[in-house]
Amino acid sequence: YSTGIVETVLSTPLPHRQDQFQRRMDIEFYLRRAIDNQEFHLAYQPVVDVYTNQIVGLESLIRWNNATLGHVPPSDFIPIAEECGLIHEIGEWVLKEACMQNKRWQEAGLSKVFVAVNLSRRQFNDSRLSRMIQTILEKTGLHPKYLELEITESMSMEVELAADALRQLKKLGVRVAMDDFGTGYSSLGYLRDFPIDKLKIDQSFIKGLIQSQVNAVIVNTMVTMARNLNLLVVAEGVETEEELQVLRECGCRLVQGYYFSQPVMAKRIEEMLHLETKQTG
Ligand code: C2E
Ligand code: MG
Ligand code: MG
Ligand code: MG
């Protein structure tokens, strides 16, 4: 863990250390009750096909609002949930909620889109994961092709174990996406060893797209490589028209970012899907 609490705290000047410990304790304390208290909800961010201008998918992103702590971002509490083991429960809640919601939208007759769920390291390493997902798909009735699982490079342990875990997931018929692609140490090794369906180009490459030719070349190369490997590819963190233009020129068809929409509540997604359904249907 590069973000382990011990490293974080030890690299912090002494007067701030106590605060950090306190904050961590607070988060853990309230996190234990958060599911029962219904303090979580999912925000969804559209994934857009730039050729058709249609929403093709939605990434689910967890939100936590606690009466005492206020809004706590996932980057603050997911690592803690991982460390104290609560991630299994939280992760299961996210999967259920995302599948249930997507199925509800489909049943309401809205255009069918996939929902993407972020998996954390401990979930991915849990041998019960694929059975749990299978059960959720059965119970919600969501067709597996409308569920995408996002994993990151930092999640893997042993190559063989991870490859096995991925094969089990793929057998369910769900898609697997490599999140934050290009930021880890062995991105290419991953592509070689794992049955991935999609690359999500990390937003750091998109941010620098206009300023630096290096980023543009890297993005172009990633898109070409994905195409040659028969993988889907999506650019994350697209914020401006200029970035979108460069991505179009690269042949990157799927994009996600503030330019189109921030992650929003389910209600708002429903309105967006409704508009699309009217246009196409
Ligand atoms: P991620 O999966 O890479 O998600 C993308 C993050 O970038 C989200 O932050 C999203 O709000 C943000 N983002 C999207 N478009 C833009 C843009 O145009 N510009 C900028 N600057 N940011 C953009 P968020 O929601 O705070 O989530 C942060 C991370 O927390 C996620 O990164 C993911 O790793 C983790 N996370 C979120 N929800 C879950 C969850 O349900 N389970 C697990 N295990 N992890 C989650
Ligand atoms: Mg993600
Ligand atoms: Mg990402
Ligand atoms: Mg990320």
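Biologist: How does D180 count when its relative accessibility is read from the structure above?

Modeller: Bear in mind that this is a predicted model. The general idea is a pair of cut-offs, because a residue counts as buried under 20% relative accessible area and as exposed over 50%, with partly exposed in between. D180 has a relative accessibility of 28%, so it counts as partly exposed. The place of D180 is in strand β6, and its backbone has a positive phi of about 50°, although D180 is not a glycine.

Biologist: Which other residue has a positive phi although it is not a glycine, and at about what angle?

Modeller: N53 does, with a positive phi of about 60°. N53 is placed in the loop between β1 (40-49) and β2 (54-66), and with 52% relative accessibility it counts as exposed.

Biologist: Let us turn to the metals; which atoms coordinate the magnesium ion (ligand 3)?

Modeller: A donor is recognised by distance, the limit for a metal such as this one being 2.8 Å, and water is not among the atoms, so a site may look incomplete. For the magnesium ion (ligand 3), the coordinating atoms come from D179 (OD), D180 (OD), E236 (OE) and again E236 (OE), at 2.1 to 2.6 Å. Read along the sequence, the donor residues follow the spacing D-D-x55-E. The pair D180 and E236 links distant parts of the chain, 56 residues apart, with D180 in strand β6 (residues 175-181) and E236 in the loop between β8 (232-235) and α11 (241-250). E236 has a relative accessible area of 9%, and is therefore buried, whereas D180 is partly exposed.

Biologist: What are the protein donors of the magnesium ion (ligand 2), and how are they spaced in sequence?

Modeller: The donors here are E59 (OE), N118 (OD1), E150 (OE) and D179 (OD), which lie 2.0 to 2.2 Å from the magnesium ion (ligand 2). Their spacing along the chain is E-x58-N-x31-E-x28-D. Within this site, N118 in strand β4 (residues 114-118) and D179 in strand β6 form a pair that links distant parts of the chain, 61 residues apart. N118 is partly exposed, since its relative accessible area is 28%, while D179 counts as buried at 9% relative accessibility.

Biologist: Which residue coordinates both magnesium ions, and how far apart are the ions?

Modeller: D179 bridges the magnesium ion (ligand 3) and the magnesium ion (ligand 2), and the ions lie 4.2 Å apart.

Biologist: Away from the metals, which residues is I80 in contact with, once neighbours within four places in sequence are left aside?

Modeller: A contact requires heavy atoms within 4.5 Å. I80, which lies in helix α3 (residues 74-83), is on that basis in contact with R24, I27, E28 and L31. I80 counts as buried, because its relative accessibility is 9%. Separation in sequence and separation in space can also be read side by side: I80 and E148 are 68 residues apart in sequence, and their C-alpha atoms are 24 Å apart.

Biologist: What can be said in the same way about the place and the contacts of M225?

Modeller: M225 is found in helix α10 (residues 213-228), and its contacts, again leaving aside neighbours within four places in sequence, are F181, L188, L191 and L199. M225 has a relative accessible area of 22%, so it is partly exposed.

Biologist: How does the radius of gyration of the protein chain agree with that of a compact globule?

Modeller: The idea is to set the chain against an expectation for its number of residues: with 281 residues, a compact globule would have a radius of gyration near 19 Å, and the protein chain has 19 Å, which agrees. Along the principal axes, the C-alpha atoms fill a box of roughly 50 × 45 × 40 Å. The chain has twelve helices and nine strands, and 48% of its residues count as buried.

Biologist: What share of the contacts with a separation of 6 or more comes from residues 24 or more positions apart?

Modeller: Such residues account for 68% of those contacts in the protein chain. As for the surface, the accessible area comes to about 14400 Å², of which 52% belongs to carbon and sulfur atoms. The chain carries 30 positive and 37 negative charges, whose mean positions are 5 Å apart.

Technical notes:
Residues are numbered from 1 along each chain as its sequence is written. Chains are lettered from A and ligands numbered from 1 in the order in which they are written. This is a predicted model: local features need pLDDT of at least 70, side-chain atom pairs count only at pLDDT 80 or more; totals for chains, interfaces and linings use all residues. Side-chain values use heavy atoms; hydrogens and water are left out. Helices (H or I, at least four residues) and strands (E, at least two) are DSSP runs, numbered from the N terminus. The radius of gyration is taken over C-alpha atoms; the globule rule is 2.2 Å times the number of residues to the power 0.38. Buried means under 20% relative accessible area, exposed over 50%, partly exposed in between (1.4 Å probe, protein chains only). Accessible areas come from the Shrake-Rupley method with a 1.4 Å probe; for residues, only the protein chains shown count as cover. Lys and Arg count as positive and Asp and Glu as negative; His and the chain ends are not counted. The place of a charge is taken as NZ of Lys, CZ of Arg, CG of Asp or CD of Glu. Donors are N, O and S atoms within 2.8 Å of the metal (3.2 Å for Na, K and Ca); water is not among the atoms, so sites may look incomplete.
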